[in-house]
Structures are given as structure tokens and as C-alpha cells.
Amino acid sequence: MVRIPTATVPQWEPPKEELKFDIRVITPLFGGGFEPRVVDTVMPVHTAAIRGHLRFWWRATTGAKFLTPNELAAAEARVWGSDKIAGAVSLQVREFVSGTPQKCAEYQWNAERQKHNALPVFVREWPSYALQPFQGRQEGQDIIEEPATAYLGISFKLVVNCPADLKSEVSTAVSAWVQYGGLGARTRRGCGSLAFRAVVPSESLALTEPAKEDLTCLYDSKFVLGSDDTDPVRAWKKAVEIYQAFRQSVGFARNPGQQPNKPGRSRWPEADSVRRYTRANSPNHLPQHAIEWGFPRADLGLPILFHFMSKGDPKDATLEGPGNGQLRFASPVITKAIQVGTDLYRPMLIVLNAPHA
């Protein structure tokens with residue numbers, strides 16, 4: 001008896017479109033490799049990382065039209081894949097240019113005090129406020145962690161294959177990622193910002209069929225632009241400095257200090273709230289803020305680290321979210337350089353539509 005093998009019919013797939021995007025990294029790239037905050041020197045740009053970014057910006061654009069989380073999840077799985085099905089979109093990185101490494105800062109030796117200065121000097125006037133996690137660390141006279149190395153001048157071609165009916169929403173996600181996102185670590189503070197080589201999109205994206213506000217972060221977001229600049233790093237620095245001033249500047253966020261090298265008392269209520277909560281305070285820092293219990297900067301991102309300098313004040317404290325899965329909260333504020341011409345950039349601050357922390 002001869003057994004006839006069972007015929008299998010190949011699954012039909014709709015024809016796919018190939019989209020190509022020439023992309024440049026216009027601000028220093030940190031992290032993005034297998035080790036946190038460290039650049040992968042062999043291949044700094046990974047398709048898996050890009051897919052993750054595009055998923056986020058797809059939710060923030062096309063995802064606005066879905067009325068429920070279940071509808072959104074099903075549509076996202078079809079486009080980008082899930083743990084059960086493969087996505088319809090495939091990505092490739094081609095014509096990759098690796099760029100050059102640059103240590104972001106240096107601890108300078110103070111001959112008079114016979115020790116390194118407490119804070120490093122950042123190269124090329126890179127904004128220190130955005131790069132604080134990369135500045136390294138010292139204890140006493142020893143530098144126990146060197147400042148991180150960034151990469152400059154990276155470029156690549158992103159090739160996207162997708163069904164024709166997904167072309168518009170995938171292109172929109174790529175455009176949102178290039179305009180508002182980036183690669184590597186600290187993209188919301190403008191590190192690893194991107195630009196197209198030729199085609200320059202408009203400064204803002206119109207969303208299709210916005211529905212539930214809580215299912216998208218671009219719907220009802222706000223942004224402000226600074227003046228034109230030919231240097232993307234300079235534009236980035238301007239954006240970061242505005243946000244830094246909002247959180248820390250003398251006369252707005254804190255009182256003037258009695259000594260030039262010592263900042264005055266914060267006008268934000270968090271520090272006094274911690275003092276009241278722990279019932280600990282320096283005799284010179286009695287809790288006096290009019291808001292007895294308040295942590296308004298939680299809405300700008302969590303966790304927040306508190307470091308008290310005076311004797312008697314609380315020990316170092318960390319403000320996190322209220323429960324499991326809520327400990328961290330990505331900042332809804334983006335400070336970056338955005339491309340507005342072939343070689344023209346502007347400082348940009350974006351406040352995404354985000355829930356109250």
C-alpha cells in the first residue's frame with residue numbers, strides 16, 4: 001500500500017512594499033547595547049531596538065483611532081508581532097556608518113586642592129543636565145567610574161517591508177520616531193536624536209481619527225519651538241536649558257543662595273514634604289512650604305532622587321510610584337533638536353499627553 005503524502009498549501013501573503021529611509025544621528029548617542037548605558041561598538045544600531053521605538057510611536061499615532069485597549073493590542077500584534085504571532089512588518093539596517101567615539105566629560109585635576117574637581121567638564125558644551133547619568137563618579141581622590149563614551153556621526157538606511165495597506169501608518173510611525181524620538185539612552189532628553197538625510201517632514205504630525213485620550217500620548221500634546229540653528233547640538237542645548245531652568249533656576253525654582261557656590265532653598269514643595277514625612281530636618285531647614293504634602297514634579301517623571309546636604313535633614317530618599325508596575329514613570333517632557341530643513345534645526349520642547357502620576 002502506497003501512502004500519498006498530505007499536500008500542504010502555502011499560506012498566501014499579500015504583496016509587500018519596501019520603504020527606505022536615510023537617517024542620521026544628530027546628537028551624541030549613548031547606550032543602546034547589551035550593557036546598560038554603553039554603546040555596542042560593533043553594531044550600535046539594532047533592528048530590535050528600532051522595532052521597539054516604532055511600536056511606541058505607532059501607538060502614539062495610528063493607535064489613537066482604536067477605542068479599547070484590546071482593539072489596540074490586536075492591531076499592534078498584527079503590525080509588529082507578539083509572543084504568539086509574527087508581525088507583518090520587517091526591518092533591515094543597511095549602509096551603516098559607525099561614527100566616532102567621544103568621551104562626554106572629563107574630571108579635571110585641581111592642583112591647589114590636590115584632588116579632582118567634584119563635577120566633570122562636558123565636552124563641546126554638551127548640556128550637563130541631560131547627561132548627568134553619564135558623568136561618572138568619584139569618591140575622595142579616586143575616580144571610580146569614568147564618564148561614558150558617546151558616538152557621533154552615525155548614519156544608516158532603514159529598510160521597511162510591509163503590506164501595502166500598512167504603508168501609511170508605518171511611514172507615520174517612522175516619521176514620529178525620527179522627529180520626536182531617537183536611539184539609545186536618554187532620548188527624552190535629546191540624546192541620540194535623528195534626522196532624515198533628504199526629505200524633511202513638517203514640525204508636527206496630524207493624527208488620524210483621534211479617539212480615547214488615554215490610549216495615545218501625541219493626541220492633545222503641546223510643543224514649542226525655538227529659533228533656527230545650523231548646529232543640532234546647539235539647538236538641543238537650548239531646549240535642555242529651558243527645562244533645567246524650569247526645575248532648578250534661581251528666582252523661579254529656588255531662592256538665591258547666601259554663598260555663590262551654595263544654591264538657595266527650593267521653591268518646590270517636595271523637599272519639605274519629605275522632611276514632614278520623615279520628621280527629620282536641619283535646624284536651619286524647618287519645613288515651611290505652604291503646600292504641606294506635595295510632589296508635583298512626579299508628573300515630570302519618576303523616580304526622583306532626593307539628596308539632603310545639611311546635618312539633621314533626612315537621609316537620601318527616592319520617590320517612586322504607588323505600587324508594583326508603577327514604580328517608574330517615563331517623563332512626558334521631551335527636550336531635543338528637531339530638523340526643520342536639510343541642514344537646519346530648532347530647539348523643541350514637547351509635553352506628551354500623559355496620565356497624572
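**Exercise 1. V274 and its surroundings**

Work out which residues V274 touches in this predicted model, once residues up to four places away in sequence are set aside.

*Solution.* Start by placing the residue: V274 sits in helix 5. Next, check its accessibility. Buried means under 20% relative accessible area, and V274 comes in at 8%, so it is buried. Now list its contacts beyond the sequence neighbours: F295, F306, F308, P314 and A317. Finally, try a distance: C162 lies 112 residues from V274 along the chain, and their C-alpha atoms are 51 Å apart.

**Exercise 2. Around helix 5**

Find the buried residues of helix 5 and say what covers them.

*Solution.* Go through the helix and you get E270, A271, D272, S273, V274 and R275 as its buried residues. Then look at the cover, which includes strand 14 and strand 15 (317-319). Step just past the end of helix 5 and you hit R279, with a positive phi of about 55°. Keep going to the loop between helix 5 (270-278) and strand 14 (304-306), and you'll find P303 there. The peptide bond joining L302 and P303 is cis, with omega at about 5°.

**Exercise 3. How helix 1 meets helix 2**

Describe the packing of helix 1 and helix 2: what are the angle and the axis separation?

*Solution.* You need two numbers here, because packed helices are described by the angle between their axes and the distance between the axes. For helix 1 (residues 47-60) against helix 2 (residues 69-80), the angle is about 140° and the axes are 11 Å apart. Angles over 145 degrees would count as roughly antiparallel, so this pair is oblique instead. As for handedness, the crossing is right-handed. Helix 1 brings R51, L54, R55, W58 and R59 to the contact, while helix 2 brings L72, A75, E76, V79 and W80. Sort them by class and you have 6 nonpolar, 4 charged and no polar residues.

**Exercise 4. Checking helix 3**

Test whether the length of helix 3 fits its residue count, then decide how enclosed the helix is.

*Solution.* Helix 3 runs over residues 167-180, which is 14 residues. The expected span is 1.5 Å times one less than the number of residues, giving 20 Å, and the end C-alpha atoms are indeed 20 Å apart, so the two agree. On to burial: 10 of the 14 residues are buried, so the helix is largely enclosed by the rest of the structure. Those buried residues are E169, V170, A173, V174, S175, A176, W177, V178, Q179 and Y180.

**Exercise 5. Two glutamates with positive phi**

For E95 and E125, give phi, location and exposure.

*Solution.* Take E95 to begin with: its phi is near 50°, a positive value in a residue other than glycine. E95 belongs to strand 2 (residues 90-97). Exposed means over 50% relative accessible area, and E95 has 58%, so it qualifies. Now E125, whose phi is positive too, at about 60°. E125 is in the loop between strand 7 (121-122) and strand 8 (137-139). With a relative accessible area of 57%, E125 is exposed.

**Exercise 6. A cysteine in a loop**

Is C217 buried or exposed, and what does it contact?

*Solution.* C217 is in the loop between strand 12 (194-196) and strand 13 (222-225). Its relative accessibility is 14%, so C217 counts as buried. Leave out neighbours within four places in sequence, and its contacts are F56, A60, L352 and N353. G63 is 154 residues away from C217 in sequence, yet the C-alpha to C-alpha distance is 9.7 Å.

Technical notes. Residues are numbered from 1 along each chain as its sequence is written. This is a predicted model: local features need pLDDT of at least 70, side-chain atom pairs count only at pLDDT 80 or more; totals for chains, interfaces and linings use all residues. Side-chain values use heavy atoms; hydrogens and water are left out. Helices (H or I, at least four residues) and strands (E, at least two) are DSSP runs, numbered from the N terminus. Buried means under 20% relative accessible area, exposed over 50%, partly exposed in between (1.4 Å probe, protein chains only). Axes are lines fitted to C-alpha atoms, for helices over the stretch in contact, and angles run from 0 to 180 degrees between N-to-C directions. Angles under 35 degrees count as roughly parallel, over 145 as roughly antiparallel, 65 to 115 as roughly perpendicular and the rest as oblique. A crossing is left-handed if the near helix is turned anticlockwise from the far one by less than a right angle, and right-handed if clockwise. Contact means heavy atoms within 4.5 Å. Ala, Val, Leu, Ile, Met, Phe, Trp, Tyr, Cys and Pro count as nonpolar, Asp, Glu, Lys and Arg as charged, and the others, Gly among them, as polar.
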